[in-house]
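User: I'm new to reading protein models, and I'd like a close look at what goes on in the core of this one. Could you take me through it slowly, with the jargon explained as you go?

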Amino acid sequence: MEWAIIVVIAVVVFVFISLTVKIVPQQRVGVVERLGRFHRLLTPGLNILIPVIDHVRIYHDLRIQQANVPPQTVITKDNVQVQIDTIIFYQVVGPEQATYGISDYVYGVRNITTATMRQIIGKMELDETLSGREKISSDIRIALDEATEKWGVRIERVEVIDIKPPLDIQDAMDKQMKAERNKRAIVLEAEAAKQDMILRAEGDKQSKILKAEGDKEARIREAEGFRQAQELEALGEAKAIEAVAAAEKSRIQMLREAGLDEQVLAYRSFEALTEVSKGPANKVFIPSNAIETLGSIGAIGEMFKNKEGKK
């Protein structure tokens, strides 16, 4: 009997402690009602409640949460049905408002997302829808922020995961994309051929220019060499003539220093001519206008002999 009483007392104490002492983990908060009316929030750590009078209605997680919106089939402006998958990231910033402002804020967020998505997609054509994920996400977030502000919920981010058009549209888009790729390939190939022809023509042009420049340079060098050769040849001839003239001048000077003038030289030439004419087969013809000259030469000879006799 005593053991039964002890067990009952232990159970009562345990229940009392469990109803009185509440330990709240980090990033969680509890909404406390006293006699059915909001009283206060339980913050992380140890909290004491009055049993029976105080009651914890709900705990809220203050971390960023995510809610997957079921795939929705919506119609675009050009009457094409597309299926869109979205995901929403949110955070409870007002636990009291999230508890009493709406019965289920997650459900409300999903419904607002679906309605807003239908309105947005209904104003966009298929091509805009497929390429406008960022715009769709931004518009949905703006609409959610306006509604969830009263719920104590802040929308952190909205992401459009996937946009799926009908299969026939996908096939048509695949064919169009394939044709576009083939077109780009043909254009790139033609552009490459064009560039190749341009480069070849430019190379041939440069080759001809370089060849012409080379021929021009060769002709210039050849002409320069020929000119220099002529100058050297003329210079050589001038030096040769100068040397001959100097030698002749020296010879004449030596003859004058030896006492021989032009008349003596003419006489010596006449003697040489006389010796030549002594040969039996040699005949010498003297022009008539040279007779006076020969007479003078004879007189010179006499003078020359007299000079030699005196010596």
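Analyst: Let's get our bearings. The protein chain has 8 helices and 8 strands; these are DSSP runs, H or I over at least four residues for a helix and E over at least two for a strand, numbered from the N terminus. What you're looking at is a predicted model, where local features need pLDDT of at least 70 and side-chain atom pairs count only at pLDDT 80 or more, while totals for chains, interfaces and linings use all residues. Residues are numbered from 1 along each chain as its sequence is written, and side-chain values use heavy atoms, with hydrogens and water left out.

How much of the chain is buried? Of its 311 residues, 23% count as buried, where buried is under 20% relative accessible area, exposed is over 50%, and partly exposed is in between (1.4 Å probe, protein chains only). The chain exposes about 22,800 Å², and carbon and sulfur atoms supply 58% of that. Those areas come from the Shrake-Rupley method with a 1.4 Å probe, and for residues only the protein chains shown count as cover. As for contacts (heavy atoms within 4.5 Å), take those with a separation of 6 or more: residues 24 or more positions apart account for 65% of them.

Now for the core itself. A nonpolar core is a set of buried Ala, Val, Leu, Ile, Met, Phe, Trp, Tyr and Cys residues joined through side-chain atoms within 4.5 Å. The largest one here has 29 residues, and the members that touch the most others are Val 82, Ile 84, Tyr 105, Ile 136, Leu 144 and Ile 155. Two or more residues each come from strand 6 (65-75), strand 7 (81-92), helix 3 (105-122), helix 5 (133-148) and strand 8 (153-164). Helix 3 is the top contributor, giving 7 residues. Apart from this core there's another, of 5 residues, including Val 24, Leu 42, Leu 49 and Val 56.

Zoom in on Ile 84. Not counting residues up to four places away in sequence, Ile 84 touches Pro 70, Pro 71, Gln 72, Val 74, Met 117, Ile 121, Val 160, Asp 162 and Ile 163.

Helix 3 deserves a visit too. It runs for 18 residues and reaches 26 Å from its first C-alpha to its last, close to the 26 Å expected at 1.5 Å a residue; the expected span is 1.5 Å times one less than the number of residues. At its N-terminal end, Asp 104 acts as a cap, with a side-chain oxygen 3.2 Å from the backbone nitrogen of Val 106. The buried residues of helix 3 are Tyr 105, Val 106, Gly 108, Val 109, Ile 112, Thr 113, Thr 114, Thr 116, Met 117, Ile 120 and Ile 121. An α-helix has 3.6 residues a turn, so residues three or four places apart point the same way. Thr 114 counts as buried because its relative accessibility is 15%, and it touches Val 69 and Gln 72, leaving out residues up to four places away in sequence.

Next, the aromatic rings. There are 2 aromatic pairs in the structure. Phe 38 and Tyr 100 make one of them, edge-to-face, at 6.0 Å centre to centre with 75° between the planes. Phe 38 sits in strand 3 (residues 37-42) and Tyr 100 in helix 2 (residues 95-100), so this pair ties together parts 62 residues apart in sequence. Phe 38, at 28% relative accessibility, is partly exposed, and so is Tyr 100 at 36%. Tyr 90 and Tyr 105 also pair edge-to-face, at 5.9 Å centre to centre and 75° between the planes. Their pair links strand 7, home of Tyr 90, with helix 3, home of Tyr 105, across 15 residues. Both are buried: Tyr 90 has a relative accessible area of 8% and Tyr 105 has 14%. For the cut-offs, rings of Phe, Tyr and Trp (its six-membered ring) pair if their centres lie within 6.5 Å; planes under 30 degrees apart count as stacked, over 60 as edge-to-face and the rest as tilted.

One last stop is Pro 166, in the loop between strand 8 and helix 6 (167-257). With a relative accessible area of 27%, Pro 166 is partly exposed. Pro 166 and Gln 81 are 85 residues apart in sequence, but 6.7 Å apart in space, C-alpha to C-alpha.

Notes. A polar contact is a pair of N or O atoms within 3.5 Å; within protein, one must be able to donate a hydrogen and the other to accept it, and residues adjacent in sequence count only if both atoms are side-chain atoms.
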